[in-house]
Amino acid sequence: MQNSQKGHDYIVVGGGSAGCVLANRLSADPAIQVLLIEAGARDWNPLLRVPVMAAWFLAHRFHNWSYATEPEAHLAGRRIDWPRGRVLGGSSAINGMVYTRGNAGDYDHWAQMGMREWSYEKVLPFFKRSEDFSAGANEFHGAGGGLPVTRPATPHKLYDAFVEAGAQAGFPLNDDFNGRNQEGFGRYHFTIKNGERWSSARSFIDPARARPNLHILTGAHLLRVIIEKGRAAGVELKIGREKRVITAAREIVLACGAVNSPTALMHSGIGPADHLAAIGIRPVIDRPAVGANLQDHLTVRVLRASQTPDLLFDARRFDRAAINVARAIATRAGPATSFPLEGGAFLRSRPDVADPDLQIHFFPGVPMTRGIRHPFQKPLPDTYDGYGFCGTICQLRPESRGDIRLRSADPHAPPVIRANYLSARADRDTMRAGVKILRDVLSQKAFAEFNSVEASPGPAVSTDAAIDDYIAANAGTVYHPVGTCRMGIDPDSVVDAELRVRGVDGLRVADASIRKNLRIASGYLRSEHLRLWHSVAVRSAGCAQKGKAGNRSVSLGAA
């Protein structure tokens, strides 16, 4: 059964990091009818607001698309899990809540490539407009915006030791990774306020829910964008057992993320024509770049076992964990109201690198391989589960490129994801250098009181070849896929500088997939996106409204 529904000016597909901002900005004009479509459920679950529960949601299928790559040739043939948020708020509802925008030079690099409106000078006002910084407004931060950004200061000597160790290893300190400079050791900002997570849905949809011109449809799986006479006329959805067609008078904006936006285009006939024809989809526009240019951040861990209690081991006992989560829900207090990745750093792998190309996330405990500890639980083989601390090293600017393709013509089938990690030799060199730097930092005298020894990789892993093997066997993702609907001024790009899909009127893409490379994603954790990529969402809303529709032209005005 298929129903048809009309009455919307703009349809935003994807209620995640960018889509929620878009829906908020577009519906601010009461004369514009906006429909926000999300495949997942509404964000009613109280556990979504508990910061420490991010680790659970990332590891389970609940509110999660739970994608995985194909076997990765340079990662010992392993499939790498790719969690993606499937709930209102998208990945910002399940991620690690670290807020880092990226390096200023990265945006200026975009401007140098011809996309002048995307320079750091141009996007900074949009970041500030969206932000409510706990320390107040300044040159680089805003106050009064929808997204709370806070400076957490969980008291624990391991965090202090990490920052001190960075200085002892010869690196600068940095009080604000989102300030004038990014390089150095310090503590991250978080999208946590009063002990609760603030997703993009909570930050931008909750304040707008009462608007009569904003309509929110959840549990709706996009089957395709309907293209008629070269224009995006509507969307075909599956809601339960019912198919529904909804038309848009002005524009349709895909904000489905770096995995789902290219697959949505391909199911709509926009993509590599030979691939689409081979799986039974009639090509509408031959666009080989759709699904290509895939990049992601790879990370690997260095772990030290300790004889001194850390921040997390005892709190992971099942009874204490349950009490802490219940306390966080009831009182917004206690250890479950923060996420244990406050320590961080941005570094250069070698002196001749202009900007940081490595990132560290510091964990004041042993990663929760199995999560909660139960009585009489046997340890997993070849794993350490005791007191300790660790850091992960991430390469920020990989040269390796992969792709996303459709598995079949079935819109419900998971896509084929080939990240092609470490296929470029330069990436292997940089990751190896990063492991050496991180091992050096974690062995500094600042950690002396913790009586630690390296448990992983371990002393036996000492040669370059052994380090490479360790990385191949243990590296994973920091969940930052980008590039599959790249933006550019060249005719082969998927979208132009105003995010319009080339060859189709009335269709845009506004999410992490439009980034040509991972430079812009350099600071994000556990999200599209990394975190809310406000410049994309807010600028694209402005672009969409500046264009004339019929005889009417509207504008959001200045930031």
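This is a guided tour of a predicted model, with a selection to make at each stop.

**Helices α3 and α4**

Begin by selecting residues 104-112, which form helix α3, together with residues 120-130, which form helix α4. The two helices pack with their axes 8 Å apart, at an angle of about 125 degrees. That angle lies outside the 65 to 115 degrees that would count as roughly perpendicular and is not over 145, so α3 and α4 are classed as oblique to each other. Display the side chains at the contact next: α3 contributes A104, Y107 and D108, while α4 contributes Y120, E121, V123 and F127. By residue class, this contact of α3 with α4 comprises 5 nonpolar and 2 charged residues, with no polar ones.

**Helices α10 and α11**

Move to residues 425-442 for helix α10 and residues 464-474 for helix α11. Their axes come within 10 Å and cross at roughly 100 degrees, so α10 and α11 stand roughly perpendicular to each other. On the α10 side, select R428, M431, R432, V435, K436 and R439; on the α11 side, select D464, I467, D468 and I471. Colouring this contact of α10 with α11 by class will show 4 nonpolar residues, 6 charged ones and no polar ones.

**The surroundings of P51**

Select P51, in the loop between β2 (34-37) and α2 (54-59). P51 is buried, its relative accessible area being 0%. Leaving aside residues up to four places away in sequence, expand the selection to what P51 touches: M97, I192, G195, E196, R197, A336, T337, S338 and F339. One of these contacts, G195, is 144 residues from P51 along the chain, and the C-alpha atoms of P51 and G195 are separated by 7.5 Å.

**Salt bridges**

The structure holds 29 salt bridges, and three individual pairs are visited here.

Select E183 and R348, whose side chains meet in a salt bridge with an N to O distance of 3.1 Å. This pair links distant parts of the chain, 165 residues apart: E183 lies in the loop between α5 (157-168) and β8 (184-187), and R348 in the loop between β19 (343-347) and β20 (358-363). Both ends are partly exposed, E183 with a relative accessible area of 24% and R348 with one of 29%.

Next, select R350 and D352, which form a salt bridge at 2.8 Å, N to O. D352 is exposed, at 59% relative accessibility, whereas R350 is partly exposed, with a relative accessible area of 44%.

Then go to R486 and D490, where the side chains meet at 2.7 Å, N to O, in another salt bridge. Here R486 is buried, with a relative accessible area of 14%, and D490 is partly exposed, at 25% relative accessibility. Salt bridges can also share partners: select D43, R49, D206 and R209 to see one network joined in that way.

**Cysteines**

How many disulfides does the structure hold? The structure holds 0 disulfides. To examine one case, select C256 and C485: the cysteine sulfur closest to that of C256 is in C485, at 9.2 Å, which is too far for a bond. For comparison, a disulfide requires the two sulfur atoms to be within 2.5 Å. Finish the tour at C394, which is buried, at 0% relative accessibility.

Definitions and conventions:
Residues are numbered from 1 along each chain as its sequence is written. This is a predicted model: local features need pLDDT of at least 70, side-chain atom pairs count only at pLDDT 80 or more; totals for chains, interfaces and linings use all residues. Side-chain values use heavy atoms; hydrogens and water are left out. A salt bridge is a side-chain nitrogen of Lys or Arg within 4 Å of a carboxyl oxygen of Asp or Glu. Helices (H or I, at least four residues) and strands (E, at least two) are DSSP runs, numbered from the N terminus. Buried means under 20% relative accessible area, exposed over 50%, partly exposed in between (1.4 Å probe, protein chains only). Axes are lines fitted to C-alpha atoms, for helices over the stretch in contact, and angles run from 0 to 180 degrees between N-to-C directions. Angles under 35 degrees count as roughly parallel, over 145 as roughly antiparallel, 65 to 115 as roughly perpendicular and the rest as oblique. Contact means heavy atoms within 4.5 Å. Ala, Val, Leu, Ile, Met, Phe, Trp, Tyr, Cys and Pro count as nonpolar, Asp, Glu, Lys and Arg as charged, and the others, Gly among them, as polar.
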